[in-house]
Amino acid sequence: MRDTTTLHKQILDLLHKIQTRLENPQIDEASGRVYDNKSLMELLGIKDRYLKRLRDNGLLGYSRHGDKYWYTQSDIDRFLSRCHYAPFADMQ
């Protein structure tokens, strides 16, 4: 069984990392890209109501801090891969 002070320190370290990440959302380990609502709508060419529907239906992952939504490149890649259809025509 772990020492409670060690566990307490690990929890505090984790909380500090989470808070730092929320305050500096530009950092994404996978690609270095993080998008807010406006930049993601421009990237995907969609409107705010459709973006909200994607979030509400659990189709697009996100992080939220207050009233700001943040989307990592990995959230977007996961969404796009789930909605991807492979070509079925034989292109010879």
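Me: Contact here means heavy atoms within 4.5 Å. Which residues does Asp75 touch, not counting residues up to four places away in sequence?
Reply: This is a predicted model, in which local features need pLDDT of at least 70, side-chain atom pairs count only at pLDDT 80 or more, and totals for chains, interfaces and linings use all residues. Residues are numbered from 1 along each chain as its sequence is written, and side-chain values use heavy atoms, with hydrogens and water left out. Asp75 is found in helix α4. Beyond four places in sequence, Asp75 touches Leu60, Gly61, Tyr62 and Trp70.

Me: Is Asp75 buried or exposed?
Reply: Buried means under 20% relative accessible area, exposed over 50%, and partly exposed in between (1.4 Å probe, protein chains only). Asp75 has a relative accessible area of 9%, so the residue is buried.

Me: Where on α4 do the buried residues lie?
Reply: In helix α4 (residues 73-82; helices are DSSP runs of H or I, at least four residues, and strands are runs of E, at least two, numbered from the N terminus), Gln73, Asp75, Ile76 and Phe79 are buried. Because they cover an arc of only 160° around the axis, taken from the directions from the helix axis to the C-beta atoms, they lie on the same side of α4.

Me: Which elements are included in the cover of these buried residues of α4?
Reply: The cover includes two helices and two strands by name. They are α2 (37-44), α3, β1 (34-35) and β3 (68-72).

Me: Which helix holds Leu12, and is this residue buried or partly exposed?
Reply: Leu12 has a relative accessible area of 45%, and is therefore partly exposed. The helix that holds Leu12 is α1 (residues 4-23).
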